[in-house]
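Please find below some notes on the model, set out as numbered points for discussion. They are best read with the coordinates open alongside.

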Amino acid sequence: MTPGSWRDRIPVKSQILMGICALCILILALVFLSVYPAGPVAVSHTNATVHVKILEINDFHGHMATGQTMSNRPVGGAPVLASYLKSAMASGNADGTIIALPGDVIGSSPPVSGLLMDEPSMLFFNSFANQYCTIGSNSPSGSCNMVATLGNQEFNNGVPELLRMINGGNGTTNITHIVDPYPGTKIDYVSANVVWTTNNTPVLPPYTLRTVDGVTVAFIGADTITTPNLTTPANVKNLTFLDEADSINRYIPEIQQQGVHAIVVLLHEGGNQTPYEGPTQVNATMQNDGRVVGIVSRLDPAVDVVLSAHTHEFTNAFLPDSAGKPVLVTQAYMYSRGYGDIDLTIDRSTGKIVEKSAQIVPTYADQAPGTSPDPAATALLNEAQNAVDPVEKQVIGAAAEDITLAQNRAGESAMGNLVADEERAAMKTDVGFDTSGDIFANISKGNITWIDLYNVQPNAGTLMSMTMSGEQIRQTLEQQWQAPLPSSNLIVSGVSYTYDAAKPAGSKLISVSVNGVPLDLNATYTVATVDTLTLGDDGYTTFGRGSNMSYGPVDVNALVSYVRLLPQPVNVTTDGRIQRIN
């Protein structure tokens, strides 16, 4: 056959159709490669700038379920949060969107997530990952849209469990796995300041790079250096938590050597600010009661944005770095009640951020898009709830009468007595203290279920014991009337006292006894309390000066064990351990 003779045998019309088909195939191939590139592809970028959107969700703490309120409006929950995030992602007003989680995604979680070792929460965030995200943090793709750092609560169950949550597997768990085996997370976790003590090397990659429409953004992670004080020593064994600012600055030159000049920090530390609506206000100020201000003031000027967390507050402000340059700092409440919508404009030629602004968006369920909860998140929540129902409905005991939060004139309540007695019994101490602000629900007459007790103490605080002097106990009691006035008074066990409401602050106590014996100011006593009080929560700073501190069980677990051992039906009343005159 002579060259080209095969074409002579095909009709002209057929040849035309074949040519058209070949052209169509070529066009489809070019379109496919532009949307799903197989690897680095030379792309002609025409815009001088690139618009990157970051959606920040901090301190989720496993709050999958709906039912929260903020400003007297329904807010939050996984289905509602998902509807907001997906709406923001679909808005089309950015060249690329990154979801960033600056710590405490898990830990101290409600039962629907916590009883399942927070696997439902990790699966929830996996649902936002694009096709480039893979399990674990060892070989991330620059096109993955998910990044996170560690918070103190990620260490609640120790390092092996933390690594299981990232890398997958069922480990030694004895729970229902919604996906079995648990697949791990598609979130790319980074942390620059959590290192192995033996060799000072990071437990996780210190930073990761993301490329959006031809420009690259670096994300550096750092956890609060106070983490060892917020968990049991065994949970952070063999780890060292380095200074946050020093650790972040350490990796700036390495990032810049790779030609990257847009740098975002995920920092699990925060501050406090009066909330407002709309874009970042240039003159917005922050209170000086959080550590984030000091950390930002020491950052390398190359850092453009800090996504903060930990204090569960609103933050949307410019704070000065070490050179006085403004750094955009954000935080979006907690528990799925809001998210930060951060907009960055990056100069394509320099790779630097030239404009930055943010809005903190509450996830209200009574307005769009929250009025249309995400179906997939709803299905996941329902599956998780079905898995934990048998535990929640387990009967632990019975109440002879209602056990309530209602306080008498002196400030004593039946529920306060039950909880304080439980904490003292669990830690086997002379006395027990907590605050009335740490108890949240009444128990009705009749059967007491596991969820009833959880609702009393839902914060998952860790019990602690310590040694305090009689004088420190006296000071602690007097702090109930200090200025500024604490939001909650103390609930007590093993202690009885009388105070004169007419006397000045600092001198209100008339008498104090420990187990029926007058308090000896020079003696030492063992004291049970909850971990947050040792950190000065609500102004009760004297607890932090105790010695010989040791950790015990989670408060709700101690309450369950205590109620099981009480004579049934349980009969708890006020007994006059707190007396008031005037």
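1. In helix α6 (159-167), the buried residues are V159, E161, L162, R164, M165 and I166, a list that takes in charged as well as nonpolar side chains. The elements that cover these buried residues include α5, β6, β7 (194-196) and β10 (239-241). Just after the helix, G168 takes a positive phi of about 95°. As general background, an α-helix has 3.6 residues a turn, so residues three or four places apart point the same way. All of this, like everything that follows, is read from a predicted model.

2. As to the chain overall, the protein has 15 helices and 27 strands, and its C-alpha atoms fill a box of roughly 115 × 55 × 50 Å when taken along the principal axes. Of its 582 residues, 51% count as buried. Among contacts between residues at least 6 apart in sequence, 75% join residues that are at least 24 apart.

3. The surface that the protein chain exposes comes to about 24,900 Å², and carbon and sulfur atoms supply 54% of that area. The chain carries 30 positive and 52 negative charges, and the mean positions of these two sets are 4 Å apart.

4. Which residues have the most contacts inside the largest nonpolar core? They are F124, F125, M146, Y189, I220 and V306, in a core that has 86 residues. Helix α3 (residues 78-89) gives the largest share of this core, namely seven residues. Apart from it lies another core, of 24 residues, which includes V431, F433, L477 and V514. In soluble globular proteins, nonpolar side chains tend to be buried together.

5. The model has one disulfide, which joins C133 to C144 with an S to S distance of 2.0 Å. That distance satisfies the cut-off, because a disulfide is taken here as a pair of cysteine sulfur atoms within 2.5 Å. The link of C133 and C144 is right-handed, with 100° about the S-S bond. Both C133 and C144 lie in the loop between α5 (119-126) and β5 (146-149), so the disulfide ties together parts that are eleven residues apart in sequence.

6. Are the two cysteines of this link buried or exposed? C133 has a relative accessible area of 6% and is buried, and C144, at 3% relative accessibility, counts as buried too. Both assignments follow from the threshold, because buried means under 20% relative accessible area.

7. Two peptide bonds deserve a check by eye, given that most peptide bonds are trans. The bond from D180 to P181 is cis, with omega near 0°, and P181 has its place in the loop between α6 (159-167) and β6 (188-190). A cis peptide bond also joins Q568 and P569, where omega is about -5°; here P569 lies in the loop between α15 (555-565) and β27 (578-581).

8. The backbone at two further positions may be inspected in the light of the general rule that most residues other than glycine have a negative phi. S71 has a phi near 55°, a positive value in a residue that is not glycine, and this serine is placed in the loop between β2 (68-70) and β3 (73-75). N515, likewise not a glycine, has a positive phi of about 55° and is found in the loop between β23 (509-514) and β24 (517-518). As for accessibility, S71 counts as exposed at 55%, whereas N515, with a relative accessible area of 47%, is partly exposed; the two labels part here because exposed means over 50%.

9. A last point concerns K325, whose place is in the loop between β13 (314-320) and β14 (326-332). With a relative accessible area of 27%, K325 is partly exposed. When its neighbours within four places in sequence are left aside, K325 is in contact with P301, V303, D304, L319, P320 and K356. From C-alpha to C-alpha, K325 and N272 are 21 Å apart in space, while in sequence they are 53 residues apart.

How values were computed
Residues numbered from 1 in each chain as written. Predicted model: local features only at pLDDT ≥ 70, side-chain atom pairs only at ≥ 80, totals over all residues. Heavy atoms only, no water. Helix = DSSP H or I, 4+ residues; strand = E, 2+ residues; numbered from the N terminus. Buried < 20%, exposed > 50% of the residue type's maximum accessible area, 1.4 Å probe, protein only. Core = buried A, V, L, I, M, F, W, Y, C linked by side-chain atoms within 4.5 Å. Contact = heavy atoms within 4.5 Å. Areas by Shrake-Rupley, 256 points an atom, 1.4 Å probe, with all protein chains shown as cover. Lys, Arg positive; Asp, Glu negative; His and termini not counted. Charge placed at Lys NZ, Arg CZ, Asp CG, Glu CD.
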